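Biologist: Thanks for joining me! Could we walk through this one together, a question at a time?

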Amino acid sequence: MLRLDWNLVLTIINLIVLYLLLKKFLFKPVLSIMEKREKMIQDSIASARSQEGQAQELKEHYEQALVSARDESAQIVEKARVDAQKEYDRILADADVQAKKLVEQARKDAELDKEKAKKEVQAEVAGLAMAAVSRILTDGSDAGSDSALYNQFLKKAGGANDTDRS
């Protein structure tokens with residue numbers, strides 16, 4: 001059987017005292033430090049989660065602002081395109097009006113030039129006819145002289161305004 005002697009009892013008592021001393025001076029401070037560290041880590045994790053939530057909210061806010069800015073820029077571009085098209089149409093209409101005015105003015109000028117040329121031709125023909133009549137009256141009238149005057153008239157009139165030349 002097992003024998004109990006004083007050495008064994010003293011060893012057990014020493015172990016119990018050592019355990020109590022270790023528990024009081026070693027285990028409690030170490031456990032306290034570990035608990036503080038655990039609490040600090042949990043606080044850090046909670047703070048990180050809170051900051052992550054705030055960061056997510058900021059990210060969503062910035063994404064909404066970005067979408068809003070894109071929409072606004074698209075609207076600005078569309079408005080600028082519409083304004084440019086209106087300005088283009090207005091300039092084109094003004095140019096068309098000016099071109100019509102120029103064409104009308106050119107037509108009027110051509111008509112006036114035509115009338116002026118017609119009057120000049122009539123005046124020249126009248127002058128030639130008067131010259132022929134005065135010659136007939138001064139030279140007398142016979143078939144040969146009439147024919148010569150007619151040919152001379154055609155030379156002068158035809159040379160100035162000959163439209164039947166080939």
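**Charged pairs along a helix**

Modeller: Happy to. Let me start with R90, which is partly exposed at a relative accessible area of 42%. Keep in mind that this is a predicted model.

Biologist: Good starting point. Which residue does R90 meet in a salt bridge at 2.8 Å, N to O?

Modeller: The pair sits within helix α1, its two members 4 residues apart, about one turn of the helix. A salt bridge needs a side-chain nitrogen of Lys or Arg within 4 Å of a carboxyl oxygen of Asp or Glu. The N to O distance here is 2.8 Å, and the partner of R90 is D94.

Biologist: And is D94 buried, partly exposed or exposed?

Modeller: The partly exposed class runs between the buried cut-off, under 20%, and the exposed one, over 50%. D94 has a relative accessible area of 38%, so the residue is partly exposed.

Biologist: Which residues are joined with R90 into one network?

Modeller: Let me first add another pair: E104 and R107 both lie in helix α1, 3 residues apart. As for the network, salt bridges that share partners link R90 with E87 and D94.

Biologist: Back to that other pair, then. How far apart are the closest N and O atoms of E104 and R107?

Modeller: Both side chains are partly exposed, E104 at 31% relative accessible area and R107 at 46%. Side chains of opposite charge can pair when their charged atoms come close. For E104 and R107, the closest N and O atoms are apart by 2.5 Å.

Biologist: What is the N to O distance in the salt bridge of E78 and R81?

Modeller: These two also belong to helix α1, which covers residues 6-139, and they are 3 residues apart, about one turn. E78 is partly exposed at 39%, and R81 is partly exposed at 48%. Their side chains meet at 2.6 Å.

Biologist: How many salt bridges does the count come to?

Modeller: The pairs we discussed include E78 with R81 and E104 with R107. By the distance rule, the count comes to 7.

Biologist: Now the whole chain: what share of its residues is buried?

Modeller: The chain has 2 helices and 0 strands. Its accessible surface comes to about 15,100 Å², with 61% belonging to carbon and sulfur atoms. Of the 166 residues, the buried share is 2%.

Biologist: Last one! How far apart are the end C-alpha atoms of residues 6-27?

Modeller: UniProt, in an unreviewed entry, places a "transmembrane region" at residues 6-27. In the model this span is 100% helix and 0% strand. Its end C-alpha atoms lie apart by 29 Å.

Technical notes
Residues are numbered from 1 along each chain as its sequence is written. This is a predicted model: local features need pLDDT of at least 70, side-chain atom pairs count only at pLDDT 80 or more; totals for chains, interfaces and linings use all residues. Side-chain values use heavy atoms; hydrogens and water are left out. UniProt positions are given in the numbering used here, feature names are shortened, and annotations may be inferred rather than shown by experiment. Buried means under 20% relative accessible area, exposed over 50%, partly exposed in between (1.4 Å probe, protein chains only). Accessible areas come from the Shrake-Rupley method with a 1.4 Å probe; for residues, only the protein chains shown count as cover.
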